[in-house]
Amino acid sequence: MSASPYVPPSRSGAIPTGRFRQNHNLGIAASVAVGVVVPASAFTSYTDLHLAAAVRDYAYTGGDVAALNDADRLSRLGSLANLVLFLVAGVLVIVWLWRARANAQFFCDAPHRHRRGWVIGGWMVPIISLWFPVQVVDDVVRASSPYVWPRDGSLQAAPPAKVVRRWWGTYLGMNFTSLFATTQQSNGLAAPSASAALRGLDTGASLSIVSTVLAVLSAIFMIQLIALVDRLQSSRLPIPWWQTPLNPPVPGPAPW
């Protein structure tokens, strides 16, 4: 698009470039992938419970070694399937977020807290991955809302969307409980006694169930979040920030 006659540099230093790209289909694909992770997580919890029961039968009733090995293989298969589906969903969500960020910067020149490269890198760098992704998502939601004026606006002008915090809290909780569950199971399988092994496996299975519950909640909030950003961006006219007037109107009620 050609720039309007009034394109003085904005206070944020944003460059008048880019175009709006529909993100609806990619959002649907990401939402479906996120939803598929839920039954995979539930299956993992089932296999963890099954393994704990197999170890108990073997230790106290002299159960079949073959049944124990089958339970162990099923548990490993469930964990692997869950990991693969989780990674697929993660890739789709990041691709969707990358395009949503580009659209947000097309509509609004307000500076985000992190450069666009952190849409990807924020998930991969240890420690900062605990807060960078949620800040990136929060800025995209704010920049997409009508509360932030396209020219020289501030993202802080938009009220926070509670679904962002709900999603991030349940997402972190899911991952931490899953990590603790895996640790307990590994300790149980390496324990020197049957009683210690069962304690570790039972604790791991219980934590796995908690992780699955949090996965369900996190998936629901993530799908709601994708739908919110899609609705905010799709409902706007595809007019870039550099072709908008300088004086903002009075905002209406929050769009969430």
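**Notebook: salt bridges and one buried threonine**

Entry 1. I looked up D139 and found its side chain in a salt bridge with the side chain of R113, at 2.8 Å from N to O. D139 lies in helix 4 (residues 132-144) and R113 lies in the loop between helix 2 and helix 3 (118-124), so this pair ties together parts that are 26 residues apart in sequence. I note that the model is a predicted one.

Entry 2. I then asked whether each partner is buried or exposed. D139 has a relative accessibility of 1% and counts as buried, because the cut-off for buried is under 20%. R113, at 38%, counts as partly exposed. I record that this bridge joins a buried acid to a partly exposed arginine.

Entry 3. I turned next to R165 and D138, whose side chains also meet in a salt bridge, at 4.0 Å from N to O. R165 belongs to helix 5 (residues 162-189) and D138 to helix 4, so the pair ties together parts 27 residues apart in sequence. The relative accessibility of R165 is 47%, which places it among the partly exposed residues. D138, at 2%, is buried.

Entry 4. I asked which residues are linked with these pairs in a network. I found that R113, D138, D139, R142 and R165 are joined in a network of salt bridges.

Entry 5. I looked for a salt bridge within one helix and examined R76 and D72, whose side chains meet at 3.0 Å, N to O. Both residues stand in helix 2 (residues 65-107), and because they are four residues apart there, about one helical turn separates them. R76 is exposed, with 54% relative accessibility, since exposed means over 50%. D72 is partly exposed, at 21%.

Entry 6. I asked how many salt bridges the structure holds. The count is seven, and the pairs I examined include D139 with R113, R165 with D138, and R76 with D72.

Entry 7. I returned to helix 5 to look up T170, which is placed in that helix. T170 has a relative accessible area of 10% and is therefore buried. I then asked which residues T170 touches, leaving aside those up to four places away in sequence. The contacts are L214, L217, S218 and F221. Helix 5 thus gave me two residues to record: R165, which is partly exposed, and T170, which is buried.

Methods: Residues are numbered from 1 along each chain as its sequence is written. This is a predicted model: local features need pLDDT of at least 70, side-chain atom pairs count only at pLDDT 80 or more; totals for chains, interfaces and linings use all residues. Side-chain values use heavy atoms; hydrogens and water are left out. Helices (H or I, at least four residues) and strands (E, at least two) are DSSP runs, numbered from the N terminus. Buried means under 20% relative accessible area, exposed over 50%, partly exposed in between (1.4 Å probe, protein chains only). Contact means heavy atoms within 4.5 Å.
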